[in-house]
Amino acid sequence: MATYKPPKGVKNYVDRKAKVGKNVRIWHFAYVGPNTVIGNNVKIGSLAHVDYNVRIGNDCKIEGSAYIPPLTVIGNGVFIGPAATFTNDPYPMSPKMVGAVVEDGAVIGARAVIAPGVRIGKNSVVGMGSVVTRDVPPNMVVMGVPAKVAYNREEFDRKKKSWES
């Protein structure tokens with residue numbers, strides 16, 4: 001992993017102990033903490049906060065104003081929408097924390113809230129504004145407060161394709 005250099009004119013903070021892969025873009029006023037590992041081809045939007053001891057896979061996109069706390073693990077090809085918030089402390093302010101895990105190919109909608117220790121399954125989708133308090137099975141779409149299974153990823157992809165045509 002090389003030393004990260006922001007694009008010309010972009011002001012952000014990337015801790016010198018963070019490991020940043022190739023072709024990574026970290027936009028204005030974003031923060032990346034120490035001992036965080038970011039894979040290749042990752043984009044982190046403006047005002048995002050990626051705390052210490054976070055793991056982010058390859059080919060991810062984290063939109064602006066997202067909050068990723070310590071101990072969060074994000075797989076490959078994950079999309080995290082604007083202002084999505086992950087948490088890691090079931091009983092604030094406890095010194096004991098547990099991170100969420102987002103498996104490969106998952107999509108987290110804007111302003112979703114992910115509870116501590118939750119696992120977002122492979123290729124699953126969390127609808128915007130949802131509050132996820134339980135594990136999300138692979139290939140499922142959850143939405144609501146609290147989030148519940150609405151349908152499967154296959155149906156999501158059909159709806160997306162129809163919308164795009």
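The exercises below walk through a predicted model, each with a worked solution.

Residues are numbered from 1 along each chain as its sequence is written. Because the model is predicted, local features need pLDDT of at least 70 and side-chain atom pairs count only at pLDDT 80 or more, while totals for chains, interfaces and linings use all residues; side-chain values use heavy atoms, with hydrogens and water left out.

**Exercise 1. The open sheet**

Find the order of the eight strands in the open sheet, and say which strands stand at its edges.

*Solution.* Start with the terms. Strands are DSSP runs (E, at least two residues), numbered from the N terminus, and two strands pair if DSSP finds at least two bridges between them.

Step 1: the order is β3-β6-β9-β12-β15-β18-β20-β21, with mixed pairing.

Step 2: β3 (25–26) and β21 are the edge strands; each has a single partner strand, so one side of each is left without a neighbour in the sheet.

**Exercise 2. The two pairings of β20**

Work out in which sense β20 pairs with β18 and with β21.

*Solution.* As background, strands of a sheet pair through backbone hydrogen bonds, either parallel or antiparallel.

Step 1: β18 (125–126) pairs with β20 (140–143) in the parallel sense, over two bridges. Here Val125 faces Val141 of β20.

Step 2: β20 and β21 (residues 148–152) run antiparallel and are joined by four bridges. Val142 has Val149 as its bridge partner in β21, and Met140 stands opposite Asn152.

Step 3: β20 and β21 make a hairpin with four residues between them. In the turn, Gly144 has a positive phi of about 105°. The loop between β20 and β21 also holds Pro146, which is joined to Val145 by a cis peptide bond with omega of about -5°.

**Exercise 3. Two loop residues compared**

Decide whether Ser130 and Pro138 are buried, partly exposed or exposed.

*Solution.* The cut-offs are these: buried means under 20% relative accessible area, exposed over 50%, and partly exposed in between (1.4 Å probe, protein chains only).

Step 1: Ser130 sits in the loop between β18 and β19. Its relative accessibility is 0%, so Ser130 is buried.

Step 2: look at its surroundings, where a contact means heavy atoms within 4.5 Å. Leaving out residues up to four places away in sequence, Ser130 touches Arg111, Ala112, Val113, Val142, Met143, Gly144 and Ala147.

Step 3: Pro138 belongs to the loop between β19 (131–132) and β20. At 46% relative accessibility, Pro138 is partly exposed.

Step 4: with the same exclusion of residues up to four places away, Pro138 touches Gly121 and Lys122. Pro138 and Asn123 are 15 residues apart in sequence, yet their C-alpha atoms are 5.9 Å apart.

**Exercise 4. Backbone surprises**

Identify the peptide bond that joins Pro92 and Met93, and give the sign of phi at Leu71 and Asn139.

*Solution.* Most residues other than glycine have a negative phi, and most peptide bonds are trans.

Step 1: the bond between Pro92 and Met93 is cis, with omega of about -10°. Met93 lies in the loop between β13 (85–86) and β14 (101–102).

Step 2: Leu71 is not a glycine, but its phi is positive, about 80°. Leu71 is in the loop between β10 (67–68) and β11 (73–74).

Step 3: Asn139, also not a glycine, has a positive phi of about 60°. This residue is placed in the loop between β19 and β20, and with 37% relative accessibility Asn139 counts as partly exposed.

**Exercise 5. The nonpolar core**

Name the residues with the most contacts inside the largest nonpolar core, and list what Ile80 touches.

*Solution.* A nonpolar core is a set of buried Ala, Val, Leu, Ile, Met, Phe, Trp, Tyr and Cys residues joined through side-chain atoms within 4.5 Å.

Step 1: the largest such core has 37 residues, and Ile44, Ile80, Ile108 and Ile120 have the most contacts inside it.

Step 2: not counting residues up to four places away in sequence, Ile80 touches Lys61, Ile62, Glu63, Ala66, Ile68, Ile74, Phe86 and Ile108.
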